[in-house]
Amino acid sequence: MKEHLRQCEKLIVLLFKIIIYFFIFWIFYRLYAIRNWQLLVVSRTSAVTTISYLISGYLFIKIYGGYDIGKRKSKPIIISLSLAAVMTDLVAYIMLCVMNTNDANNATFTLEQPWLLLVVFAIQILVIELAVYGGNWVYFKIYDPEKCLIVTSSQRALTEISRSVRKYRLQFKICRNMDYRNENLREVIPKYDTIFIYDVPMSERTQIIEFCYQNMKNVYINPTMADVVELNSTHIMLDDVSFLRLSSLGLNAEQKFVKRVFDIVISFLALVLTLPFTLIAAIAIKVEDGGPVFFKQNRATRGGKIFSVYKLRTMKENVDNYLTVVDDDRITKVGRVLRRFRIDEIPQFINVIKGDMSIVGPRPEMLANIFNYTNDLPEFEYRLRVKAGITGYAQIAGKYNTSPRDKLVLDLMYIEDYSFWMDVKLLFQTLIVIFKKDSTEGFSNEVEEKYEKYYDSLYSGETE
């Protein structure tokens with residue numbers, strides 16, 4: 001019975017998706033139909049509104065993620081679906097107002113019943129919460145966690161991967177771990193559903209993957225440099241022989257031009273729209289301790305070029321210079337709020353207009369960080385092939401205290417798989433960071449002790 005249900009998993013989840021997506025759409029449509037009767041009959045207004053809702057809904061679900069119960073925890077799904085619903089509602093609402101601008105309704109463009117949007121949002125989010133928590137509850141009642149085997153190379157690596165997998169105990173059950181050099185590994189693999197391969201040399205990893213494929217096992221691997229480069233590969237045929245063409249030339253001239261125009265337009269809009277928040281933050285910083293509102297610090301961007309990054313000050317004046325740690329007493333009360341909602345980074349849009357940074361790209365690391373990380377990870381310098389960014393894949397998918405290696409992999413994935421659509425997608429996904437409480441979580445004290453001597457010897461002043 002369990003095996004039969006596992007085979008029907010995609011169909012069951014699809015039915016859940018259809019139901020929840022329909023209810024989200026119906027809430028918006030039915031509430032606005034109370035004052036817009038034309039939505040309930042065959043008309044241009046109903047057609048345009050419906051089509052705009054479906055198209056924008058599809059795009060925002062692609063951007064934020066959909067109703068993927070059983071794959072993610074409930075809270076991230078709720079945040080993703082809620083943001084997708086809100087954005088879709090706004091687009092459909094604007095289109096409805098446009099369609100109602102005519103002789104029979106409004107002579108000029110008018111925002112009709114804007115307060116009703118808040119009601120729609122509230123009901124939709126409530127439905128989404130019930131559907132996600134309920135859907136995950138039903139899913140995990142039907143499906144048991146996948147029995148997992150961890151294959152790795154050391155106790156350190158085992159600790160790292162186990163800590164991450166155990167956070168998803170409803171999806172995965174760690175049953176055993178083995179060293180990749182164990183001669184009994186091939187006898188053990190067939191007994192488990194899913195195999196995690198972590199920190200295993202490439203040649204041995206390839207053999208293990210092939211054996212898992214032969215035995216129809218789910219496989220999770222941590223990507224290496226070769227895996228990242230293959231993301232942008234193109235399949236070509238030379239005569240009747242298949243090849244994957246790997247190109248690492250960076251952005252072409254057309255991509256650079258489009259990205260630069262995108263950066264300038266978004267930065268000007270952002271500076272105008274966020275001006276009230278910047279003024280309030282500036283006043284709060286000044287009132288708290290009377291110190292300077294802004295500060296600048298040397299960072300590195302494309303090609304290793306040094307520039308001064310602008311930020312709102314979030315730390316006390318004249319403090320020691322090292323990475324932010326857990327419960328860091330250098331951060332001011334106002335600074336904690338600014339960091340939590342990323343308001344301190346608003347002045348970086350000036351850096352973008354100047355050409356030092358881009359809207360999307362790798363985080364502009366401190367020079368001391370680059371010096372230290374490159375000693376441990378020579379590949380770290382590859383992230384300097386594009387301009388540093390205000391937001392980026394590593395900032396969104398990871399956390400402030402994500403390990404340098406994992407941040408590097410995320411940054412290189414962005415660089416190798418770059419597209420304009422990727423920039424647009426990551427820009428919208430930046431909103432998710434605001435709802436992630438651990439996105440600004442500091443490093444542990446052990447990391448502080450490891451790196452502090454580098455910072456004290458190289459730089460003085462405030463570190464953000």
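Contact here means heavy atoms within 4.5 Å, and helices (H or I, at least four residues) and strands (E, at least two) are DSSP runs numbered from the N terminus. Axes are lines fitted to C-alpha atoms, for helices over the stretch in contact, with angles running from 0 to 180 degrees between N-to-C directions. The model is predicted, so local features need pLDDT of at least 70 and side-chain atom pairs count only at pLDDT 80 or more, while totals for chains, interfaces and linings use all residues. Residues are numbered from 1 along each chain as its sequence is written, and side-chain values use heavy atoms, with hydrogens and water left out.

**Stop 1: the sheet and its helix**

Begin by selecting helix 6, residues 155–165, which lies across strand 1, strand 2 and strand 3 and runs at about 155° to strand 1. Now bring up the open sheet, in which 4 strands follow the order 2-1-3-4 with parallel pairing; two strands pair if DSSP finds at least two bridges between them. The edges are strand 2 (172–179) and strand 4 (218–221), each of which pairs on one side only, and the twist averages 25° from one strand to the next.

Within this sheet, select residues 146–152 and 194–197, which are strand 1 and strand 3, running parallel and joined by 4 bridges. Picking out I150 leads to F196, its bridge partner in strand 3.

**Stop 2: aromatic rings on the strands**

The structure holds 16 aromatic pairs, where rings of Phe, Tyr and Trp (its six-membered ring) pair if their centres lie within 6.5 Å, and planes under 30 degrees apart count as stacked, over 60 as edge-to-face and the rest as tilted. Select F172 and Y220, an edge-to-face pair at 5.5 Å centre to centre with 80° between the planes. Because F172 lies in strand 2 and Y220 in strand 4, the pair ties together parts that are 48 residues apart in sequence. F172 is buried, at a relative accessible area of 14%, whereas Y220 is partly exposed at 37% (buried means under 20% relative accessible area, exposed over 50% and partly exposed in between, with a 1.4 Å probe and protein chains only).

Keep Y220 selected and add F196: these two rings are stacked, 4.7 Å centre to centre and 15° between the planes. Since F196 lies in strand 3 and Y220 in strand 4, this pair ties together parts that are 24 residues apart in sequence. F196 is buried, with a relative accessible area of 7%.

For another group of rings, select F25, F28, Y29, Y32, Y53 and Y93, which ring pairs link into a cluster.

**Stop 3: charges over rings**

Next, select R340 and F341, where the charged end of R340 sits over the ring of F341 at 5.5 Å from its centre; the criterion is NZ of Lys or CZ of Arg within 6 Å of the ring centre and within 35 degrees of the ring normal. R385 places its charged end over the ring of Y382, 4.9 Å from the centre.

**Stop 4: a loop residue and a buried asparagine**

R342 is found in the loop between helix 12 (333–340) and helix 13, and its phi is near 60°, a positive value in a residue other than glycine. R342 is partly exposed, with a relative accessible area of 22%.

Finally, move into helix 13 (residues 348–354) and select N351, which counts as buried at 0% relative accessibility. Leaving aside neighbours within four places in sequence, N351 is in contact with F307, S308, V309, Y310, D356 and M357.
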